[in-house]
Amino acid sequence: MIPSASPEPDSNNVWTPVATLADFGAQRLLKREVANLTVLLYRIGNDVVAIHNHCTHLGKPLDGGRVFAGQLTCPFHGACFDLRSGKAMSGPAVMPLHTFPVRIDDGVIALDMRRRPAHLLPTQK
């Protein structure tokens, strides 16, 4: 069992445990708070993909969106994204979703949280 607290990346280990395969049960989606970000984990066959819960069109959450054939449709304005690559497949969004590298080891799902979404990076002055 993975702790329910918001895990922070370990500076000595880039992989942050966020869930287990067993946590999915019969569902395809898990929502987790990781390093102050809401991350969505989708199970696609034997794979798990991780995306930031943030539509690149207007910043709305994506966790209520419909998933079909490996694509996620934003529940607010219908933008469609490829879950594996994050690529915007149809408008109104044109920018890709932020995805996180996923590693599964003995049923434990871990994410590499070092690369932050661009809109959350500090601005240069």
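Is D112 buried or exposed? Select D112 and take a look: at 9% relative accessibility, it counts as buried. Keep in mind that you are touring a predicted model.

Now add R114 to the selection. Its side chain meets that of D112 in a salt bridge, 2.7 Å from N to O. The arginine end of this pair is exposed, at 59% relative accessible area, whereas D112 is buried.

That pair has company: the salt bridge count comes to four. Jump to R84 and D47 for another one, where the closest N and O atoms sit 2.9 Å apart. R84 is in the loop between β7 (80-82) and β8 (88-90) while D47 belongs to strand β4, so the bridge ties together parts that are 37 residues apart in sequence. Colour both by accessibility and you get partly exposed twice: 47% for R84 and 36% for D47.

Next stop, K31 and D63. Here the closest N and O atoms of the salt bridge are 3.3 Å apart. This one also links distant parts of the chain, with K31 in strand β2 (residues 29-34) and D63 in the loop between β4 (47-52) and β5 (66-68), 32 residues apart. K31 is partly exposed at 45%, and D63 is partly exposed at 27%.

Stay around K31 and pick T38, which has K31 among its contacts. T38 is found in strand β3 (residues 37-44). Leaving aside residues up to four places away in sequence, T38 touches K31, R32, E33, I51, H52 and N53. Zoom in on E33 to finish: its side chain makes a polar contact with the side chain of T38, at 2.5 Å.

Conventions
Residues numbered from 1 in each chain as written. Predicted model: local features only at pLDDT ≥ 70, side-chain atom pairs only at ≥ 80, totals over all residues. Heavy atoms only, no water. Helix = DSSP H or I, 4+ residues; strand = E, 2+ residues; numbered from the N terminus. Polar contact = N/O pair within 3.5 Å; in protein donor to acceptor, adjacent residues only side chain to side chain. Contact = heavy atoms within 4.5 Å. Buried < 20%, exposed > 50% of the residue type's maximum accessible area, 1.4 Å probe, protein only.
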